[in-house]
Amino acid sequence: MHSTYDAMEFIKSLRAQLRCTGSSECSMEQGTMRVDANISLRSNGTQEMNTKVEVKNINSIRNVGDAIAYEIMRQAESLERGEPVTLHTRLWDPDKRVTMAMRAKFAGPCVPDPSVPVIRIDDAWLEKIREHLPEIPAGKAERFMADYDLAANEAFAMSQERDVAEFFEAAVKKDVTPCKAATWIITHLMPALRDRNLSLGETLLTPNRFAGLLVLLDQDRINAGAAREVLLQMLEKEGRPEELVAAGGFQQVSDATELEAIVARIIADHPSDVAGFQKRNQKVFGFLMGLAMKASQGKANPKRLKEIFSKRLKTL
């Protein structure tokens with residue numbers, strides 16, 4: 001590997017594949033995965049590597065990148081001063097953002113331990129293991145693009161974690177378009193989980209309830225803002241989406257008479273802004289829409305509201 005980016009992406013890929021097999025949670029923060037990084041430099045135009053230095057027990061992907069970047073800089077400065085790089089082990093201090101010497105390193109050669117048996121891995125054993133492996137993230141991403149017509153970035157996001165991939169596929173079986181399901185998972189669900197430091201399995205949200213919420217959105221029974229609020233509630237509350245929508249008063253207002261009354265009031269209360277729109281200031285339209293949405297407490301059907309506004313403003 002030739003950069004901090006290479007190392008960080010390798011760890012992400014390795015972690016995703018191990019999680020996919022179910023062999024480990026691979027949580028660097030909780031200690032079920034750690035990284036030891038070996039860093040050595042070489043002069044430009046040569047293939048000969050200098051003495052390596054190992055940074056041990058790094059506990060996050062970000063720290064992997066930061067530790068390697070710092071060590072590259074530290075070793076380069078030492079070599080520029082004519083000081084040799086010595087074989088030893090260091091630790092990364094995330095608070096001071098420096099590596100610190102830990103201990104000298106044994107140069108070898110290694111001595112075989114008679115209590116450790118020889119392990120031989122042949123092609124037949126490898127093939128047997130491959131037959132029992134689940135679909136790996138890279139293959140899953142390719143299938144998601146082919147089967148669900150997802151964009152590359154959507155397919156990548158949906159395939160990296162096994163629980164997310166299974167959640168996504170279960171949701172799209174419930175009359176939800178794959179693109180909409182992926183968009184809401186990426187844009188709204190995953191950030192909410194990160195903010196709460198939760199996994200999908202630690203919430204009350206199920207694929208069926210998630211799909212039900214998106215169906216309500218498709219049917220214009222709620223708008224996007226209400227759907228976001230209900231989605232957050234569904235992480236910790238039971239009940240069908242319809243019940244949470246009713247309990248919270250999130251039903252979308254689509255009644256033409258009610259929306260026309262809101263529009264008429266906004267237009268009457270803001271004559272200078274209306275005059276600005278008539279002078280082709282298109283930004284005013286968004287401002288008036290925002291006032292109307294606020295007046296409806298965020299419940300107005302944006303599509304119907306926009307149609308009514310456009311019609312009324314053209315007749316003034």
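Trainee: Before anything else, what does the accessible surface of the protein come to, and how much of it belongs to carbon and sulfur atoms?
Mentor: The accessible surface comes to about 19500 Å², and carbon and sulfur atoms account for 53% of that area. Please keep in mind as we talk that this is a predicted model, and that the values we discuss are computed from it.

Trainee: OK, so what is the mean pLDDT?
Mentor: The mean pLDDT of the protein is 90, and 99% of the residues reach 70 or more.

Trainee: And where is confidence lowest, and where highest?
Mentor: The lowest confidence falls in helix α12, residues 271-278, with a mean of 80, whereas the highest is found in strand β1, residues 35-39, at 97.

Trainee: How many helices and strands are there?
Mentor: The protein has 14 helices and four strands.

Trainee: What about overall dimensions, say the radius of gyration of the protein against that of a compact globule?
Mentor: For a compact globule of 316 residues one would expect a radius of gyration near 20 Å, but the protein has 29 Å. Along the principal axes, the C-alpha atoms fill a box of roughly 90 × 50 × 35 Å.

Trainee: What share of the residues is buried?
Mentor: Of the 316 residues, 35% are buried. As for contacts between residues at least 6 apart in sequence, 57% of them join residues at least 24 apart.

Trainee: Switching to charge, how many positive and negative side chains are there?
Mentor: There are 43 positive and 44 negative side chains, and the centres of the two sets lie 5 Å apart.

Trainee: Now for single residues. Where does V64 sit, and is V64 buried or exposed?
Mentor: V64 belongs to helix α2, which covers residues 61-80, and because its relative accessibility is 1%, V64 counts as buried.

Trainee: Which residues does V64 touch, leaving out those up to four places away in sequence?
Mentor: With those set aside, V64 touches A7, M28, V35 and I58. A separate C-alpha distance can be given for V64 and A37, which are 27 residues apart along the chain and separated by 7.5 Å.

Trainee: And K140, is that lysine buried or exposed?
Mentor: K140 is buried, since its relative accessible area is 12% and the cut-off for buried is under 20%. This lysine lies in helix α4, residues 137-148, and, leaving aside neighbours within four places in sequence, K140 is in contact with E135, S159 and A165.

Trainee: For contrast, where is D95, and is D95 buried or exposed?
Mentor: D95 is in the loop between β3 (88-93) and β4 (98-104), and with a relative accessible area of 73% D95 is exposed. If you look from D95 to K294, 199 residues apart along the chain, their C-alpha atoms are separated by 44 Å.

Trainee: Back to backbone angles: what is phi for N57?
Mentor: N57 has a positive phi of about 55°, although N57 is not a glycine. N57 is placed in strand β2, residues 53-58, and counts as partly exposed at 45% relative accessibility.

Trainee: What is phi near in D220, and where is D220 found?
Mentor: Phi of D220 is near 60°, again a positive value in a residue other than glycine. D220 is found in the loop between α8 (207-218) and α9 (224-234), and D220 is partly exposed, with a relative accessible area of 38%.

Trainee: Which residues does E242 touch, not counting those up to four places away in sequence?
Mentor: E242 touches L216 and R221. This glutamate is located in helix α10, residues 241-248, and is partly exposed at a relative accessible area of 28%. By C-alpha positions, E242 and T203 are 19 Å apart in space, while 39 residues apart in sequence.

Trainee: Last one, how far apart in space are A170 and A211?
Mentor: A170 and A211 are 8.9 Å apart, C-alpha to C-alpha, with a sequence separation of 41 residues. A170 itself is in helix α6, residues 162-172, and is partly exposed, with a relative accessible area of 26%.

Technical notes: Residues numbered from 1 in each chain as written. Heavy atoms only, no water. pLDDT = per-residue confidence, 0-100. Helix = DSSP H or I, 4+ residues; strand = E, 2+ residues; numbered from the N terminus. Rg over C-alpha atoms; globule rule 2.2 N^0.38 Å. Buried < 20%, exposed > 50% of the residue type's maximum accessible area, 1.4 Å probe, protein only. Contact = heavy atoms within 4.5 Å. Areas by Shrake-Rupley, 256 points an atom, 1.4 Å probe, with all protein chains shown as cover. Lys, Arg positive; Asp, Glu negative; His and termini not counted. Charge placed at Lys NZ, Arg CZ, Asp CG, Glu CD.
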